[in-house]
Amino acid sequence: MMNSKIAALYKKFLKGELSPKENAIFLDLLTSCDKDELPDVEEVVALDNRDCELNKTTSEDIFFTITGTALTPRLIPISKRRWSVISAAACLLLIGLAGLFEFKFKGQKEINQVSAIVHFSNPTKFVKQLVLPDGTHVSLRQGAHIELLSDFDTDSLRRIKLSGEAFFEVAKNAKQPFVIASSGDFDVRVLGTAFNLNCSEGSSSLVLNHGKVRVSRDGQYSFVTPGQKVAYDMRQRQFDVAKADTSTASNWKSDLLSFDQVPLMQIVADLNNLYPDSHLELIDSFRTESYTGYLPASDLEKSLKMLNTAFNQTIIHKK
């Protein structure tokens, strides 16, 4: 039987009259209601009889919100054809829910094919700086790894996967939300903002510096504002949001790193990995030496100065 609350919100959604709060309630109802409560095509069509084209970006955005996966190329013709907005949206809804598991499987297969193209990782002890294709700046902590799950030039969503810890300064693009999916305990969705995200299974957390972020898991969601930290409580099955010190959360970007008898050859190799244009070279007489002390996490010039000072001569040259 048709859920009257969904129907009322659905009609307002199609007319573009949903408030942000109603929109959140509507999407939550779609992902949590029983299949029998969903309106069928005839019931939805009966709500309105206007003809117009359903925007491709809107189609993909709704589908991703419902299923958590991108709309596959095989389904794109739905948004390109001249349907009544009600029919197209109704079909999209039914496809998104009735075929959820099938499309999740197929979508993931295609995403994996894309993710094989672009990966970023930081095997060094230092902080690695990245600029993604959309202009988003990322600081990757030691051991962190990023996969691009979508084509930033053509897809309606900028989707990535993160393992480990990173600081993001997301380039603003209101028409192409930035989504961190299948990472840690929850998904993250932003338009343009800066935040620190630690993705570890069972202990993920996000601290927001500025902008606004929406996190979600299994149909639940929460909004985070600047100066707040969010984590997911596995026992209570809910999001915990609290005040946080944004500087402390991302201090690792500029902290001094401790080194204990680390071979100079390894340190120079790591610096060349992070700053390939510098072409650093260790002089031959120090190739078997090790270093004990501190170096900055993300400052090449200071690192070179501290190393040269420690050995009382210039031991590393730029070619």
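**Exercise 1.** In this predicted model, determine whether Phe259 and Tyr291 are buried or exposed, and classify the geometry of their ring pair.

*Solution.* Step 1: Phe259 is buried, as is Tyr291; burial requires a relative accessible area under 20%.
Step 2: The ring centres of Phe259 and Tyr291 are 6.2 Å apart, and the planes make an angle of 55°.
Step 3: Planes under 30 degrees apart count as stacked and those over 60 as edge-to-face. The angle of 55° therefore makes the pair of Phe259 and Tyr291 tilted.
Step 4: The pair connects distant parts of the chain, with Phe259 in strand 14 (residues 256-263) and Tyr291 in strand 16 (residues 290-296), 32 residues apart.

**Exercise 2.** Characterise the aromatic pair that Tyr291 forms with Phe311, and place the two residues in the chain.

*Solution.* Step 1: The centres of the Tyr291 and Phe311 rings are separated by 6.5 Å, and their planes by 45°; this pair is tilted.
Step 2: Tyr291 belongs to strand 16, whereas Phe311 lies in the loop between helix 10 (300-310) and strand 17 (316-318). The two residues are 20 positions apart, and their pair links distant parts of the chain.
Step 3: Tyr291 and Phe311 are both buried.

**Exercise 3.** Identify which residues the ring pairs link into a cluster, and state how many aromatic pairs the protein has.

*Solution.* Step 1: The cluster consists of Phe126, Phe259, Phe286, Tyr291 and Phe311, linked through ring pairs.
Step 2: The count for the protein comes to ten aromatic pairs.

**Exercise 4.** Find the ring over whose face Lys253 lies, and do likewise for Lys212.

*Solution.* Step 1: Lys253 is placed over the face of Phe167, at 3.7 Å from the ring centre.
Step 2: Lys212 is placed over the face of Phe223, at 4.9 Å from the ring centre.

**Exercise 5.** Decide whether Tyr294 is buried, exposed or partly exposed, and name the residues of its nonpolar surface patch.

*Solution.* Step 1: Tyr294 is located in strand 16.
Step 2: Its relative accessible area is 49%, so Tyr294 is partly exposed.
Step 3: Together with Leu256 and Met306, Tyr294 makes a nonpolar surface patch of about 300 Å².

**Exercise 6.** Summarise the secondary structure, burial, contacts and exposed surface of the protein.

*Solution.* Step 1: The protein has ten helices and 17 strands.
Step 2: Among its 319 residues, 44% are buried.
Step 3: Of the contacts with a separation of 6 or more, 52% join residues 24 or more positions apart.
Step 4: The exposed area is about 16,700 Å², of which carbon and sulfur atoms contribute 50%.

Definitions and conventions
Residues numbered from 1 in each chain as written. Predicted model: local features only at pLDDT ≥ 70, side-chain atom pairs only at ≥ 80, totals over all residues. Heavy atoms only, no water. Helix = DSSP H or I, 4+ residues; strand = E, 2+ residues; numbered from the N terminus. Buried < 20%, exposed > 50% of the residue type's maximum accessible area, 1.4 Å probe, protein only. Contact = heavy atoms within 4.5 Å. Areas by Shrake-Rupley, 256 points an atom, 1.4 Å probe, with all protein chains shown as cover. Phe/Tyr/Trp six-rings, centres within 6.5 Å; stacked < 30°, edge-to-face > 60°. Lys NZ or Arg CZ within 6 Å of the ring centre and 35° of its normal. Patch = residues over 30% accessible without salt bridge, like charges linked within 9 Å, V, L, I, M, F, W, Y side chains within 5 Å. Salt bridge = Lys/Arg side-chain N within 4 Å of Asp/Glu carboxyl O.
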